[in-house]
Amino acid sequence: MSTALTQMVARLLLAPILLVALAVLVKGYASVGDGFAAGVIAALGILLQYLAFGREEVERLLPVRLIPAAGFAGLVGALALAAWPLLRGEPLFTHLPRAGSEVTKLGTLELTSAIAFDLTVFVLVLGAAVGIVHAIARESEEGET
């Protein structure tokens, strides 16, 4: 009975956890989001699924095998966004548009290169955390057999 209850609660909490992660990503502790915290929150939601259902069921229900590869893409993207200003002769992490310039908005969200950097950090943290959890789950299952 407790396993069924745990699985039901885990299934019901996944969507709200991912929505909270999205909210933190878009508007974190400041006007720019918080990609690291959002990645940790989303990874904890997926970890809850691993704990409730096991590795095989999570792999069947969620695209977790793709997430570590996305994490690598997030690393490359974050490095590229951080280093891009160097190619223009500007300091590292110089974001666009510059202060005082017109900012494109999507609703109340200001679209800047800092938002893109937060998104790549989110994908990097999510990919690394889920990859580690997946590897631990795989090793623990192999150790039981």
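# Note on a predicted helical model

1. **Layout.** The chain contains five helices and two strands. The model is predicted. Starting at the N terminus, the order of elements is α-α-α-α-β-β-α. The two strands thus sit in the order after α4 and ahead of α5.

2. **Overall dimensions.** The C-alpha trace extends about 60 × 30 × 20 Å along its principal axes. The chain has 145 residues, and 32% of them are buried. Take the contacts between residues at least 6 apart in sequence: 62% of these link residues at least 24 apart.

3. **Main core.** The largest nonpolar core holds 19 residues. The members touching the most other members are Ile-46, Tyr-50, Val-64, Ile-67, Phe-122, Leu-126 and Val-130. Three helices each give at least two residues to this core: α1 (2–26), α2 (35–53) and α5 (113–144). Helix α2 provides the largest share, with seven residues.

4. **Leu-126.** Which residues does Leu-126 touch, leaving aside those up to four places away in sequence? They are Gly-39, Ala-42, Ala-43, Ile-46 and Ile-67. Leu-126 also appears in two helix contacts. It is one of the α5 residues in contact with α2, and Leu-126 is again among the α5 residues that meet α4.

5. **Second core.** A separate core of five residues is also present. Its members include Ala-82, Phe-117, Val-121 and Val-125. Ala-82 and Phe-117 both take part in the contact of α4 with α5. Val-121 and Val-125 are listed in the contact of α2 with α5.

6. **α2 against α5.** How do these two helices cross? Their axes come within 7 Å, at an angle of roughly 30 degrees. Angles under 35 degrees count as roughly parallel, so α2 is roughly parallel to α5. The crossing is right-handed. On the α2 side, the contact is made by Gly-35, Phe-36, Ala-38, Gly-39, Val-40, Ala-42, Ala-43, Ile-46, Leu-47 and Tyr-50. On the α5 side, the residues include Asp-118, Phe-122, Ala-129, Val-130, Val-133, His-134 and Ala-137.

7. **α4 against α5.** Helix α4 (residues 67–87) packs on α5 at about 145 degrees, and the axes are 7 Å apart. This crossing is left-handed. From α4 come Ile-67, Pro-68, Ala-70, Gly-71, Gly-74, Leu-75, Gly-77, Ala-78, Leu-81 and Ala-82. Their partners in α5 include Ala-116, Thr-120, Val-123, Leu-124, Gly-127, Val-130 and Gly-131. Val-130 serves in the α2 contact as well.

8. **Salt bridges.** How many salt bridges does the structure hold? There are four. One joins Glu-90 to Arg-88, with N and O 2.7 Å apart. Glu-90 is buried, at 16% relative accessible area. Arg-88 is partly exposed, at 32%. Elsewhere, bridges with shared partners tie Arg-55, Glu-59 and Arg-65 into one network.

9. **Inside the network.** Arg-55 and Glu-59 form a salt bridge at 3.0 Å, N to O. Why is the spacing about one helical turn? Because the two residues lie four apart in helix α3 (residues 55–61). Both are buried. Glu-59 also bridges to Arg-65, where the closest N and O atoms are 3.0 Å apart. Is each partner in that second bridge buried or exposed? Glu-59 is buried, with 17% relative accessible area. Arg-65 counts as exposed, at 62%.

10. **Arg-55 in its setting.** Arg-55 belongs to helix α3. Its relative accessibility is 13%, which means that it counts as buried. Beyond residues up to four places away in sequence, Arg-55 touches Tyr-50, His-134, Ala-137, Arg-138 and Glu-141. Tyr-50 is a well-connected member of the main core, among those touching the most other members. Tyr-50, His-134 and Ala-137 also take part in the contact of α2 with α5. Arg-55 and Glu-141 are 86 residues apart along the chain, and their C-alpha atoms are separated by 8.5 Å.

Notes. Residues are numbered from 1 along each chain as its sequence is written. This is a predicted model: local features need pLDDT of at least 70, side-chain atom pairs count only at pLDDT 80 or more; totals for chains, interfaces and linings use all residues. Side-chain values use heavy atoms; hydrogens and water are left out. A nonpolar core is a set of buried Ala, Val, Leu, Ile, Met, Phe, Trp, Tyr and Cys residues joined through side-chain atoms within 4.5 Å. Buried means under 20% relative accessible area, exposed over 50%, partly exposed in between (1.4 Å probe, protein chains only). Contact means heavy atoms within 4.5 Å. A salt bridge is a side-chain nitrogen of Lys or Arg within 4 Å of a carboxyl oxygen of Asp or Glu. Axes are lines fitted to C-alpha atoms, for helices over the stretch in contact, and angles run from 0 to 180 degrees between N-to-C directions. Angles under 35 degrees count as roughly parallel, over 145 as roughly antiparallel, 65 to 115 as roughly perpendicular and the rest as oblique. A crossing is left-handed if the near helix is turned anticlockwise from the far one by less than a right angle, and right-handed if clockwise.
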